[in-house]
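Here is a short tour of one protein model. Keep the sequence and the 3D view open while you read.

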Amino acid sequence: MLDNTKLQLWGGLECTICRVGDSYTRQLDRSAHTTRAGDIERFAGLGMQAIRYPVLWEQIAPEGLETADWSWPDARLGELRDAGIEPIVGLVHHGSGPMHTSLVDPAFATELAEYAGAVAARYPWVEYYTPVNEPLTTARFSGLYGVWYPHGRDERTFKDALFNQCRGIVLAMRAIRRVNPVARLVQTDDIGKVYSTPLLQYQADLNNQLRWLGWDLLCGLVDEAHPLWAWLTTVGEATRDELLWFQQNACPPDIIGVNHYITSERFLDEELAKYPEEYWGGNHIHRYADIEAARALKHPTGGIGPLIRETWERYHLPIAVTEVHIDATREDQLRWIAETWAAAEKLRGDGVDVRAVTIWGLLGLFDWNCLLTECRGYYEPGAFDVRSGEPRPTAIAWMMKDLAKGALPDHPLLSGTGWWKRPGRHVRTQPALLTDVDFPLRPRTGTNSAPLLVTGATGTLGRAFALVCGQRDLNCRVLTRAEMDITDPDSIERAMDTYRPWAVINTAGYVRVDDAEQDAERCFLENSQGPANLAAVCARHRLPLVTFSSDMVFDGENDAPYVESDSTRPLNIYGESKARAERLVLDRHPDALVVRTSSFFGPWDAHNFITIALRTLRSGKPFQVSEDMTVSPTYVPDLVNACLDLLIDRAAGIWHLTNTGEVTWADLALRAARMANVDHSRLEVCTDLRAQLAAARPRYSALGSHRAFPLPTLDDALGRYMRQVSAG
């Protein structure tokens, strides 16, 4: 039995087994949770009281119960029990059952119940169940929008899919309770609300009634007086017997599980021309744009708080927020969680029985940006980032440990505003103003305004951090040398006393590679001793530190990209200064983050290689390029955003961050010219440029990584660079 005396922290695994046509995608396989040992121990370390855990029908008994393989849930549920984490067992998660059945198969419900009874018999100690996750949402995507199997696109198929799932829930809980009479139903679905222009209010009203339908059926609330009775019997072609079956077999949830995403709240607008075509849709009466409310409405909605209150006022049943996740930068992920937690705490104080908040996607989510219709490799980290194979804790994991103790941390990151409330979020230039809706303010989640300090105010990276921090609403102070000279420990200490930062990013340093051969003393002072000074002060103040190194710490004798564990052997003074800095920084501050990167280009710097090459070619002048050096170019906005996420995650040690792809300088100039539709006939390819330079350069210095924090591909970055430059 879960403790109800305080707001609980739950966790959840994205575990969808999604069928599209005759193909299945399995989230647990993609996150490797099905085969990796140690995950339960990792989850236990986060302090959660319960976890939504899959024992999925399609996975365990795809050919029927007689051939079911229980070995995996036997082991994993046993580990959860030993760890003291209460499992909330899910049986179908956005799925349609094994291949022999489907959401519109009349046998779906009885076969699911048979499977549920077998699960209960094998694990009689399990108390909490979600037999079907989000039946209404699944019915919409499977029966109305045609996205998932059986790919229906009509109201009748939607109704059949929803009713079959809800019947399955009723019969499954009946079978489970024959084994365990105290078993409890945690029934999840999305509570997103729809807003609209006056013309489309009828459609918004229908959508807002439909969002309750799954719970209404289970609670036995659907009769002739129900607002959807006429719609169900006419448009949905439901029979009276179908509808009244639920009233006669009511199975109200013991806990209503509400889910809410940034895409959950929608706005409908008939003025299609104001929106990109990807948002266009409609019904049998009107064509309209259907867009996230956050991107269309002038004022932010009240978020999840008012939606939970609506749920409570409708059902007066205990509520848990059963999925909290957003695909965003790391601090916005934290802000989203904090906002939900604060709303839940406020509601509890107002007498609403909110039991828990569930951090969803502990191991991340794959390809939800295309609703699982393709395997594109798009990944959204959760409490752990699994891209290297070994789960790496993110800042969400650290926040969960605080929440498990009942405390919402007052971190400076939480004082900023999530993108869903910031200016610039809108798709349309004149956001819609709903004068008849009074949106309550969302709860404030942070009061600590300590800044992030960035050195190197006049450099490419320093300016880029200032711009990106502004975009992400991170309080950032970029310092000139006069404000903090890293070669002077006293100057560093004075800056720490003045600004009292929560972290430091060092972008200052000596950058003239060829001049360094004759200016070694200054190069080592600025590139080696300065970062070492900064590391010592940050360690003493227990402040996170990020500093930058270079691909020139390597000798170029490799034929494959260098990874973090490769030995350094610099060929020039600049490279030696960076290699020495790495050693000194990590010796003084082992928790520092040292980022090796290479060959910057970006939209905010008029002096990078690509900008100069294109400007020269457009002027009709020749441009000399090297064919004897291979590098891995780095798009500065991608680098800065990745560094900020890693800083917030408390990542440490040496990391390689470059865009995916290696090219010679000649190939890079040619590729950029072609993308920009610039005449490249005046590119002059030089095969021996390395020999002409004062400082020796590695022949090959492309960077790879075994940490698997990949930036987008080079071509993707070049395309965004071109669009950014064209847009001004």
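In what order do the strands of the open sheet of 6 strands stand? The order is E20-E19-E21-E22-E23-E28, and the pairing is parallel. Two strands pair if DSSP finds at least two bridges between them. Helices (H or I, at least four residues) and strands (E, at least two) are DSSP runs, numbered from the N terminus.

This is a predicted model: local features need pLDDT of at least 70, side-chain atom pairs count only at pLDDT 80 or more, and totals for chains, interfaces and linings use all residues. Residues are numbered from 1 along each chain as its sequence is written, and side-chain values use heavy atoms, with hydrogens and water left out.

## The open sheet

Strand E20 (476-479) and strand E28 (653-656) form the edges. Each has a single partner strand, so one side of each lacks a neighbour in the sheet. On average, neighbouring strands here are turned by 20° against each other, direction ignored. Strand E19 (residues 452-455) runs parallel to E20, and 4 bridges join them. Val454 has Val478 in E20 as its bridge partner. Strands of a sheet pair through backbone hydrogen bonds, either parallel or antiparallel.

A helix lies across this sheet. Helix H20 (residues 636-648) lies across E19, strand E21 (503-506), strand E22 (545-550), strand E23 (593-597) and E28. H20 runs at about 160° to E23. Axes are lines fitted to C-alpha atoms, for helices over the stretch in contact, and angles run from 0 to 180 degrees between N-to-C directions.

## Strand E7 and its partners

Is strand E7 (residues 184-190) largely enclosed or left open? 6 of its 7 residues are buried (under 20% relative accessible area, with a 1.4 Å probe and protein chains only), so E7 is largely enclosed by the rest of the structure. Strand E6 (residues 128-133) pairs with E7 in the parallel sense over 2 bridges. There, Tyr129 has Leu185 of E7 as its bridge partner. E7 also pairs with strand E9 (residues 255-259), in the parallel sense over 5 bridges. Asp189 is matched with Val258 in E9.

## Helix packing

Helix H5 (residues 108-122) packs against helix H7 (155-179) at an angle of about 30°, with the axes 7 Å apart. That makes H5 roughly parallel to H7 (angles under 35 degrees). The crossing is right-handed, meaning that the near helix is turned clockwise from the far one by less than a right angle. Contact means heavy atoms within 4.5 Å. Among the H5 residues that meet H7 are Phe108, Leu112 and Ala116. H7 brings residues including Arg167, Leu171 and Ile176. By class, this contact has 12 nonpolar, 5 polar and 1 charged residues. Ala, Val, Leu, Ile, Met, Phe, Trp, Tyr, Cys and Pro count as nonpolar, Asp, Glu, Lys and Arg as charged, and the others, Gly among them, as polar.

H7 also helps to cover helix H11 (residues 240-248). The buried residues of H11 are Leu243, Leu244, Trp245 and Phe246. Their cover also includes helix H9 (213-218) and helix H10 (229-234).

Helix H19 (residues 609-618) and helix H21 (residues 665-675) have axes that come within 10 Å and cross at roughly 60°. That makes H19 oblique to H21 (neither under 35 degrees, nor over 145, nor 65 to 115). H19 passes H21 in a right-handed crossing. H19 contributes Phe609, Ile610, Leu614 and Leu617, while H21 contributes Trp665, Leu668, Ala669, Ala672 and Ala673. These residues divide into 9 nonpolar, no polar and no charged.

## Loop details

Most residues other than glycine have a negative phi, and most peptide bonds are trans. Tyr149 and Pro150 are joined by a cis peptide bond, with omega about 10°. Pro150 is found in the loop between helix H6 (135-144) and H7. His151 is found in the loop between H6 and H7. His316 is in the loop between helix H12 (304-315) and strand E13 (319-324). Both histidines have a positive phi. Exposed means over 50% relative accessible area, and partly exposed lies between the buried and exposed limits.

| Residue | Phi | Relative accessible area |
|---|---|---|
| His151 | near 65° | 28%, partly exposed |
| His316 | near 50° | 51%, exposed |

Gly377 sits in the loop between strand E15 (365-366) and strand E16 (379-380). Gly377 is exposed, at 51% relative accessible area. Leaving aside neighbours within four places in sequence, Gly377 is in contact with Arg30 and Asp367.
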